[in-house]
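Biologist: I have a sequence and a model open on my screen, and I would like to walk through a few parts of the fold with you. Could you help me read them?

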Amino acid sequence: LKDGIIKPSASDWNSPVVMVKKPNGKYRFCIDFRRVNEVTKKDAYPVANMTGILDELRQANYISTLDLSAAYWQIPLAEDSKEITAFTVPGRGFFQFERMPYGLTNAPATFQRALDKIIGPEMYPHVFVYLDDIIIVSSTFQDHLEWLGRVLDKIRDHGLSINREKSVFCRTEVKYLGFVVNSAGLQVDPDKTAAVVEFPAPKNLKQIRRFLGMASWYRRFIPEFATVAQPLTRLTKVKQPWVWETEQQEAFEALKKHLTSAPTLACPDFSLHFTLQTDASSVGLGAVLTQVHEEQERVIAYASRSLTDPETKYTVTEQECLAVVWAVEKFRCYLEGYPFTVITDHSSLRWLHNMKDPAGRLARWNLRLMEYDYKIIHRKGALHHVPDALSRAPEAVTESLTAALETSDKWYLRRCRDVERVPEKYQSWKISEGMLYHRRPRAIASVGNNDLNEWKLVLPRELRRGAIRECHDTPQAGHQGAEKTCHRLATQYYWPAMFEDVMTYLSTCHECQRCKVQQKTPIGPMGPRAIEHPWSRISADIMGPFTRSKTGNQYILVIQDFFTKWIEVRPLRKATGATIRKALEETIIYRWGAPRELLTDNGTEFVNKDLKELAASTNMKHRTTPPYHPQANPTERVNRSLKAMIRAYVETDHREWDCHLDAFRFAYNTAQHSSLKATPAFVNLGREPEPANSLRRKLEGEVEVEETPTEAWVERMKRHDTLRLAFRHALTEANDRQAQAYNLRRRKGEFEVGELVLVRNHELSNAAKHRSASLNKPFNGPLVVTKKHSRNFYEVSDLAGRNPKGASIVDMKPYKEASEDSPTEENENEILQK
């Protein structure tokens, strides 16, 4: 629109838009003008006589070909034709062309007429115009530069431009219209006959009958055809054993030579009608371009190719359509601008041409054929020998290789077929005894000595997993890492993307996942703790056993409030559920009130019937820390401080460790806490308790206690409630600082319910069971996540849902299962036996 190629329209005409992908990955904007073309009167302006151009090329020493960029868009449309080209872009508007669009049936003739006027007859015989190609020829380099300059001047004067990528300049040899043109004259382009020259030798009765059918189609051009083909026809007789010897190979090569040389192969005569015969099979496409010379069909060119992996999934009808589209574009240099006939054994093209509202690739195929002038003829498959044989040529290689090595790997079969058909192109590949090898000498071996095993066995997809197992799972491989495993593989085998396959296999290896620690930052960042008010959440832990004290105690029960950081300490003779329940009731519930949540470890002194009954009777939730993860319980830090105090006041007799526990409790509660920026006592009581026998008391002596008004204390406690908001903010900030420092050595990650995981193994040595902790597998599993308590604490069980247990995220890692579509060992054994 910006360049003036289109403009808004109010036309009665409307054609749909289709975007066609070019070979370079870009898109061509196209309009489906089929309905317009059906009612268009054909322009009979003649396209250039290519026979005359080819005759002039015989004397050329220097040749340039110029391809005009966006050629048709450089031709303005007549005013009454513009509205006919109208089209709609959904969501953008209704437009029509100002310049000639692609897809109109008369576009080639119109463009040829325009270029003939621009170039003019005065440039003959040095400059020729053929559709959107301008050909410049000369006998000397100086003359060539002069004529090239004149042509470029005319192109510039008429506002045209050339496509630099598709243009060639001052060449001494070019391929043009099926010929190789150089100073020696015209030679047949090898591409014209490659499909027959590279036709593989038959491997069975079905293939030899197919080849003889193709050859006999042109038997009138082959002298003594029956005699030449007799060694091959002999193999088609009933009860004749299959023996392919020198005699058969020579007959096969002789027939191919006859098919690719005169009189079977003829030069194109552009004054005669072209016929394009196409066919498709499950493995390839085939085509032959012919003309009738003196009432006899003569071959102009052969063509064939294998189907790509996506194309093998097309329907039969789509494959036949593909064969037609591919063949028309393959022989474009012969067919563009000339009427021709398409012969096919399937009504595919007629179905494609008449298809209503085509989409996807069918729409693209339609548009690619719109500019050609052709008619369709259906021929029975039994009479369609030549294109049928060419389309099935890849079967010969596929069937012979499949007989030696049963595989469905399409890449492997395609590479084997290519190596057998074009060995000079694949010199580092070879086929020996039905197996494929690739030459890849080791770099370090080739420096000083030759690699004695430079030919690597190429494995199809079904056998690759077995080779990786051989080089990784066995004791002589030792479950080593990806680099060592890949190196071990590469000494014997080869296939594409070997390292990626090794990485995938090792990432799902059951033993490696259980035995090897991840070389990654530990998972599980520290999260926030929600604390609403004092004594809503408490934690408890047991210290001991210590040496039995003089009062008979061996344990210490330590309890801390999450909010105020206040601690309670109770010495115990036995750490049982009953004694701990009694201590909790006396020191916490009946003193500070029943908390909403109690956090402990998983020891039997806390996980028992007594504490379960206490939690139920007080409506308190009892939570436990993940096993082997004591840092989740903040009381552990208090234990360290208390142990240091006890150690400082115990000398020779360790039975006195419980003498100062109440004083130690006072010391802790009256010391400033780094998170609160205040003492636990002040946060909990609203005042600082005075220590006994302080120096200040001794210096001041007895002080008369003044009576404080009740209203003042009430007001003070109200302000203290407000102050607790500041304490909560201080706790949050402290938690954020600690999390920031902690998370520097942690990475984010979470597990979801149903996910498979491995959990760290904490089994100890056991002499009775002959087990050593250092030889235990570091991880157990796979286990399945059955419950998510928080992002750092989970419940896991075995795959049957039994034996649930808690696990910290730091002790967990994901378990990767092997892909279900990977070949099994049984599949590999079947292939090897065959």
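Modeller: Gladly, and keep in mind that this is a predicted model. Let's start with E5 and strand E6 (residues 93–97), which are antiparallel partners joined by three bridges.

Biologist: Which residue stands opposite Gly-93 in E6?

Modeller: Look to the partner strand, since E5 and E6 pair in the antiparallel sense. The residue standing opposite Gly-93 of E6 is Val-89.

Biologist: Which are the edge strands of the open sheet with the order E1-E6-E5?

Modeller: This open sheet has three strands with antiparallel pairing, in the order E1-E6-E5. An edge strand pairs on one side only, and that description fits strand E1 (6–8) and strand E5 (87–89).

Biologist: What does the twist average from one strand to the next in that sheet?

Modeller: The strands follow one another in the order E1-E6-E5. Going from one strand to the next, the twist averages 40 degrees.

Biologist: Let's move on to strand E14 (residues 284–293). How many of its 10 residues are buried?

Modeller: Here "buried" means under 20% relative accessible area. By that cut-off strand E14 is mostly covered, and the buried count among its 10 residues is nine.

Biologist: How many bridges join E14 to strand E15 (residues 296–306)?

Modeller: E14 and E15 form a hairpin with two residues between them. The two strands run antiparallel, and Val-292 stands opposite Glu-297 in E15. The number of bridges joining E14 to E15 is 10.

Biologist: And which residue in the turn between E14 and E15 has a positive phi?

Modeller: That turn belongs to the hairpin of E14 and E15. A positive phi of about 55 degrees is found there at Glu-294.

Biologist: How many residues lie between E13 and E14 in their hairpin?

Modeller: Strand E13 (residues 274–280) pairs with E14 in the antiparallel sense over seven bridges. Within this pairing, Asp-279 stands opposite Gly-286 in E14. The number of residues between E13 and E14 is three.

Biologist: Last topic: helix H19 (residues 482–490). Why are its buried residues on the same side?

Modeller: The buried residues include Ala-482, Thr-485, Cys-486 and Leu-489. They lie on the same side of H19 because they cover an arc around the axis of only 95 degrees.

Biologist: Which residues are exposed on the other side of H19, and what do the buried ones pack against?

Modeller: On the other side of H19, the exposed residues are Glu-483 and Lys-484. The buried residues of H19 pack against helix H18 (461–470), strand E21 (493–494) and helix H20 (498–507).

Technical notes. Residues numbered from 1 in each chain as written. Predicted model: local features only at pLDDT ≥ 70, side-chain atom pairs only at ≥ 80, totals over all residues. Heavy atoms only, no water. Buried < 20%, exposed > 50% of the residue type's maximum accessible area, 1.4 Å probe, protein only. Helix = DSSP H or I, 4+ residues; strand = E, 2+ residues; numbered from the N terminus. Pairing = 2+ DSSP bridges. Arc of directions from axis to C-beta. Contact = heavy atoms within 4.5 Å. Axes fitted to C-alpha atoms, helices over the stretch in contact; angles between N-to-C directions.
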